Amino acid sequence: MITLEGVTKVFDQGRHNQVTAVGGVDLVIADGRLTVLRGPSGSGKTTLLTLIGCLARPTTGRIRIDGEMVSGLPERFLTEVRRRTFGFVFQKFNLIRGLSALDNVVLPALPLGVAHRPLVERAFALLDHFGLADRAELAVENLSGGEAQRVAIARALINDPAVIVADEPTASLDGARVGQFLAIAEELRRSGKTVLITSHDPRITEAAIVDRLVTMADGRIVEAAP
Amino acid sequence: MTARAPSGRLRGSTVTAIVFGGLLLLAAGLGAVSLIGADTAGRRDRAAALVAELALSDLALFTEARYTRNPALADLHTPFQDGPASLEHFPTASLIVAPRGLPAGRLEAREE
Amino acid sequence: MRATFERRRHLLDFAVRSLARRPTKNLGLVAVYALVVFVVGSVMLYGAAIRREAAAMLASGPELTAQAMTMGRHEMSRSADVAALKGLRGARRIEPRLWGYLWDSAGAANYTVMVPTASDTAHALAKGEAIVGEGVARARKLAPGKMLFLVSPSGKFLKTRVKAILSAESALVSSDLVLVEEGDFRAFFELPADAWTDIAITVTNPREVTTVAEKAGLKLPGHRFVSRADMSRSAEALFSWREGLTLALLAGALLAFAILAFDKASGLSAEEKREIGILKAIGWESRDVIAVKLAEGGLISGLAFLLGVIGAWTHVFFFSAGLFEPVLKGWATLYPRFPLAPTLDALEMATLAMLTVLPYMAAILVPVWRTASADPDAVMR
């Protein structure tokens, strides 16, 4: 369970171009459910996602993950939490160019010191599961948008995290691929993972599999269905 | 779902070990060949004997000018024989420094 | 334990894979870097080898050389001066030397024409005979039995038959020598019978050189006394790091390389910053990122260092530093070809590494450390 209390994030604080991206958010995200953060661009949902995912620290407020305060942790411990808890699927996928799909998938596991052979097998199994077995050795810049996203999802899953976080997952996908993504998201939730998605795409926000819809505007939550 | 993970790939660390190991072996080999093969002591002894016999005093490395051939024995002002401010014009002279031993002379001012 | 090893190995794998993405750029970098190590290493190895060689050879030369001085110029010593030194306490051997320089217009080279000292039986010569150094033999294509003609500045001829050629082993001290008989020498240079170039003094106890020089100075006030320490000091100063042209030449190369390294390392490209951000976002710690970047730098500089050192060693000890010959030769025609004795000096290697690898690694570390310590979302923005 992830709990947010009075969380704010201010960029360039104290300067003339100071921006309040998130202004006082209280939110509880339950385990094992698929939650969607909805809102127009600039509403602060991506920033909120980076705060929840421990990619950045809030300016004020508290974030707890399973009761543990993470908002005040120094960078090193934050990394530890991040790596244990979250798998990220970024809007632009953020794959490392020049490396093969397989090399990208194993990346999050490298600093953990797991044995090479089982790691490669597990990564390949994930790619195979997403229908990318024949793409495993291809450099990622040669993949299509949908393939790249599935590589990114496989990478998010390699360390078997409890929470999968996806930022605008359908921004660069066509209609058919959206359905494919939703199927994967549902499968993940069914396997017991917490799934957290930001989107302003009605194909996502109105999908039947969404457990909870949280609407944001101007850095605040305006509507949160239970 | 029966595809197998690719297995024939060489790991970067293995390549590194091979390349660096190979280079280190090569270096060790070169070092051994040149260190073991050379009769350094004997050669130096024979050269030193010649130096003693002929009472030689300097290296015959730079033969282009007399103050580069025997820097210690040259007149102190030879590099400046065309004038105290003249520029050095023998290339190898810039590789060696002027001898430090000053001439054993002194200026004396006497009151009459 | 095993996990730590596996972690390091994974990071190294990743570093190699990461470098392999830009093979041309990185191999080019290794090549330029190796070239810098090669040049700096060659100078260091060559300089050290020649200093050792000079120290070993000159150690058996005369401890003192007395030169007559007139108005600050080197002047001939007289037989009377030699006689005045007879009985000098602490001196084992006092011998006047006859030697001089000769510009040989036929060979376009400067020779050192010399008369073997009276006590030197190994090189005793009869009238019309000559022994030549390796460089002279090479320049004039001489062999024992062949004739060597010399022409003095005043137009006198000296016709000699080459008796022997000095061994190439001693070329460093004897390459330009032409040894002739005393009578031939005096006639050729039109030197009076009692004139000598200088006086070599061998001292019994090397620790008393200063005392002996002082005593000799009292007997010959018009002479200056050059000690072997002065001579070996000038040999020591050869290519010593602070001196001259070599460093100036190298400074250019080093500077160019420093700029390259600085450019490469300090200005992390947007792409590299983004990659660091990605790695952090997917759970890498700062130390993992830094370890990978250092591994990349270590691979490049280590490879370049090894290649450069191997190249320099081969160049200096197997090819007698042939690439330096044009620099060392200056305008001279004669240049000794001599083998250099290799010595493995850990301090030398460490210095070379300090000069080449360390700055590069430091230039990498600072910007990576800064980027890697920031929050990953800031890095990706």
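In this predicted model, chain B contains 3 helices and 0 strands, and its elements follow the pattern α-α-α along the sequence. Of the 112 residues in chain B, 42% are buried. When contacts between residues at least 6 apart in sequence are considered, 41% of those in chain B link residues at least 24 apart. The surface that chain B exposes amounts to about 6400 Å², with 62% of it supplied by carbon and sulfur atoms.

Chain A offers a sheet to look at. Here 6 strands make up an open sheet with mixed pairing, arranged in the order β6-β7-β8-β3-β9-β10. Strands β6 (86–89) and β10 (220–224) of chain A each have a single partner strand, so one side of each lacks a neighbour in the sheet. On average, and ignoring direction, neighbouring strands of this sheet are turned by 20° against each other. At one end of the order, β9 (residues 212–217) and β10 of chain A run antiparallel and are joined by 4 bridges; A:T215 lies opposite A:E223 in β10(A).

Helices also pack on this sheet. Helix α1 (residues 45–52) of chain A touches β3 (34–38), β6, β7 (163–167), β8 (194–199) and β9 of chain A, and its direction makes about 155° with that of β8(A). Helix α5 (residues 145–157) of chain A packs on the sheet as well, touching β6 and β7 of chain A, with its direction at about 170° to that of β6(A).

Turning to chain C, residue C:D104 belongs to strand β4 (residues 91–104). With a relative accessible area of 5%, C:D104 is buried. Beyond its neighbours within four places in sequence, C:D104 contacts C:A109, C:Y111 and C:R140.

Conventions
Residues are numbered from 1 along each chain as its sequence is written. Chains are lettered from A and ligands numbered from 1 in the order in which they are written. This is a predicted model: local features need pLDDT of at least 70, side-chain atom pairs count only at pLDDT 80 or more; totals for chains, interfaces and linings use all residues. Side-chain values use heavy atoms; hydrogens and water are left out. Helices (H or I, at least four residues) and strands (E, at least two) are DSSP runs, numbered from the N terminus. Buried means under 20% relative accessible area, exposed over 50%, partly exposed in between (1.4 Å probe, protein chains only). Contact means heavy atoms within 4.5 Å. Accessible areas come from the Shrake-Rupley method with a 1.4 Å probe; for residues, only the protein chains shown count as cover. Two strands pair if DSSP finds at least two bridges between them. Axes are lines fitted to C-alpha atoms, for helices over the stretch in contact, and angles run from 0 to 180 degrees between N-to-C directions.
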